[in-house]
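Work through the exercises below with the structure open beside the text. Try each task before reading its solution.

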Amino acid sequence: MSFDSLGLSEPLLKAVAEQGYEKPTPIQQQAIPLILEGLDVLAGAQTGTGKTASFTLPLLQRLMENPDLRQKPREVKALILTPTRELAIQVFESVKTYGKHLPLHAEAVYGGVGINGQIRSLRRGCDIIVATPGRLIDHVHQKNIDLSRLNILVLDEADRMLDMGFMPDIRKILSFLPKKRQNLLFSATFPSEIKALANQLLQNPAEVEVARQNATAANISERVYAIKKEAKRELLSYLIGNGRWQQVLVFVRTKHGADRLEKQLIKDGIRTAALHGDKSQGARSRALEAFKNGNVAVLVATDIAARGLDIEELPHVVNFDLPQVAEDYIHRIGRTGRAGMSGEAISLVCPEEAYLLEAVEKLLKREIPRVADTGYEPVSLKVMDAPKKNAPVNPNGKKDYRHAKKAPRRNNRQSTGGPRRKKT
Ligand code: AMP
């Protein structure tokens with residue numbers, strides 16, 4: 001199937017051709033005709049499937065077909081909500097790229113940067129807004145944006161918005177919108193809250209789904225190194241050096257852990273930068289740029305910071321810490337093997353994380369292959385063998401692992417202590 005057969009107009013086909021896209025991805029083949037028809041769409045697609053173009057291309061075309069546009073240029077007609085500023089910036093770039101031969105104007109609004117520049121841009125008026133929820137609400141309250149004549153709403157990565165505690169903000173934003181509009185909801189996973197939101201938001205939606213829910217892309221080779229926590233850093237340096245890895249994204253659990261690992265790897269002579277939510281927008285952009293242009297080989301990131309990063313052909317992803325939420329494993333390794341490229345995803349797992357690995361494998365419904373010889377003392381990743389934090393020490397000097405089964409099992413979203421509100 002070609003892009004020509006999807007019903008897209010010339011200016012869009014030209015922009016797509018300029019990107020070098022030869023044929024539409026499966027989500028694009030399915031979603032574009034439905035969105036062009038004006039239907040509400042519920043789409044199951046994760047990052048790397050071409051989902052952004054699958055809603056942006058038909059959205060641009062719908063706006064061009066809208067008679068309103070001629071009467072009211074630069075009045076907000078489409079809103080794309082994203083969970084993070086990185087994703088907002090990326091989607092904004094896509095809107096500009098695909099819409100470059102069209103007389104439509106887009107703006108992006110997100111937190112973490114000064115509001116005044118955004119106010120100035122918004123005052124000039126725009127047709128499309130890409131936004132994170134918190135900052136958008138600020139602009140609406142300050143009357144910098146009027147959403148009362150919106151035609152199309154897109155919720156991108158809705159499951160992540162839910163996970164970050166944005167549901168109240170989304171409900172508030174819905175109250176600013178006209179009742180009659182086209183709604184598109186994109187999500188990688190469908191926990192019950194997303195299903196409830198979809199029921200409330202979408203009118204007779206068409207449903208499309210590409211990769212099976214909770215499935216990882218088939219062109220990613222995954223491996224687990226069972227290793228003691230203390231040996232992880234050394235092994236990582238060895239793997240990077242020995243494999244001559246030029247571009248590797250390393251996931252850690254905490255901001256502090258990201259800074260610490262960055263320092264250690266730099267000490268080991270590896271060009272490294274860290275990306276996390278405590279860094280200013282400028283520092284984050286610089287780190288990302290340095291990683292993209294090859295000035296740093298390793299980007300150490302937390303889940304939130306890495307969300308939505310579009311780094312093409314990323315060959316290596318490492319889970320230095322396993323994620324607390326099993327679904328994040330899928331998001332993380334989706335950074336590699338994108339758009340048809342093959343990639344490698346490695347997890348360094350210590351016995352204390354055995355229960356997290358068990359949760360990931362339960363979600364995937366398969367075992368991730370173990371590396372037989374890690375070059376280090378073998379350790380067990382059986383949950384019942386896992387050391388309990390502060391486990392009492394036996395007289396023989398070994399930790400008492402008898403209570404290990406009671407290790408916390410925070411392996412799903414419901415048990416993470418409720419929504420966590422993050423600044424956008
Ligand atoms: P996304 O899933 O939207 O984050 O897109 C993942 C990557 O695939 C981006 O780098 C896009 O530029 C790229 N992409 C999107 N559509 C196509 C296509 N039809 N052919 C090749 N690459 C694509």
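The exercises that follow concern a predicted model.

**Exercise 1. The open sheet**

Task: State in what order the six strands of the open sheet are arranged, and which strands lie at its edges.

Solution. Strands of a sheet pair through backbone hydrogen bonds, either parallel or antiparallel. Following the pairs from one side to the other gives the order β8-β13-β12-β9-β11-β10, with parallel pairing. An edge strand pairs on one side only, and this applies to β8 (220-226) and β10 (272-275). On average, neighbouring strands of this sheet are turned by 20 degrees against each other, direction ignored.

Next, take one pair from the sheet. Strand β9 (residues 248-251) and strand β11 (residues 298-301) run parallel and are joined by four bridges. Within this pair, L249 stands opposite L299.

**Exercise 2. An aromatic pair**

Task: Classify the ring pair formed by F55 and F186, and decide whether each residue is buried or exposed.

Solution. A pair of aromatic rings is described by the distance of the centres and the angle of the planes. The model has three aromatic pairs. For F55 and F186 the centres are 5.1 Å apart and the planes stand at 65 degrees. Planes over 60 degrees apart count as edge-to-face, so the pair of F55 and F186 is edge-to-face.

Now place the two residues. F55 belongs to helix α3 (residues 51-65) and F186 to strand β6 (residues 182-187), so their pairing ties together parts that are 131 residues apart in sequence. Buried means under 20% relative accessible area. F55 has a relative accessibility of 0% and is therefore buried. F186 also has 0%, so F186 is buried.

**Exercise 3. A lysine in a loop**

Task: Where does K77 lie, and is K77 buried or exposed?

Solution. K77 is found in the loop between α4 (67-71) and β2 (78-81). Its relative accessibility is 0%, so K77 counts as buried. Leaving aside neighbours within four places in sequence, K77 has contacts that include D127, R149 and L63.

**Exercise 4. Three salt bridges**

Task: The model has 17 salt bridges. For E93 with K96, K255 with D278, and D303 with R332, give the N to O distance and the exposure of each partner.

Solution, step by step.

1. E93 and K96 meet at 3.6 Å, N to O. Both lie in helix α5 (residues 85-98), three residues apart, which is about one turn of the helix. E93 has a relative accessible area of 39%, so E93 is partly exposed. K96 is partly exposed as well, at 39%.

2. K255 and D278 have their closest N and O atoms 3.2 Å apart. K255 is in helix α12 (residues 255-267) and D278 in the loop between β10 and α13 (281-292), so this salt bridge ties together parts 23 residues apart in sequence. K255 is partly exposed at 36%, whereas D278 is exposed at 56%.

3. D303 and R332 have their closest N and O atoms 2.7 Å apart. The pair links distant parts of the chain, since D303 lies in helix α14 (residues 303-306) and R332 in helix α15 (residues 327-333), 29 residues apart. D303 counts as buried at 18%, and R332 counts as buried at 1%.

**Exercise 5. Groups of residues**

Task: Which residues form one aromatic cluster, and which are linked in a network of salt bridges?

Solution. The aromatic cluster consists of F3, Y21 and Y98. The network of salt bridges links K51, D156 and E157.

Key:
Residues are numbered from 1 along each chain as its sequence is written. This is a predicted model: local features need pLDDT of at least 70, side-chain atom pairs count only at pLDDT 80 or more; totals for chains, interfaces and linings use all residues. Side-chain values use heavy atoms; hydrogens and water are left out. Two strands pair if DSSP finds at least two bridges between them. Helices (H or I, at least four residues) and strands (E, at least two) are DSSP runs, numbered from the N terminus. Axes are lines fitted to C-alpha atoms, for helices over the stretch in contact, and angles run from 0 to 180 degrees between N-to-C directions. Rings of Phe, Tyr and Trp (its six-membered ring) pair if their centres lie within 6.5 Å; planes under 30 degrees apart count as stacked, over 60 as edge-to-face and the rest as tilted. Buried means under 20% relative accessible area, exposed over 50%, partly exposed in between (1.4 Å probe, protein chains only). Contact means heavy atoms within 4.5 Å. A salt bridge is a side-chain nitrogen of Lys or Arg within 4 Å of a carboxyl oxygen of Asp or Glu.
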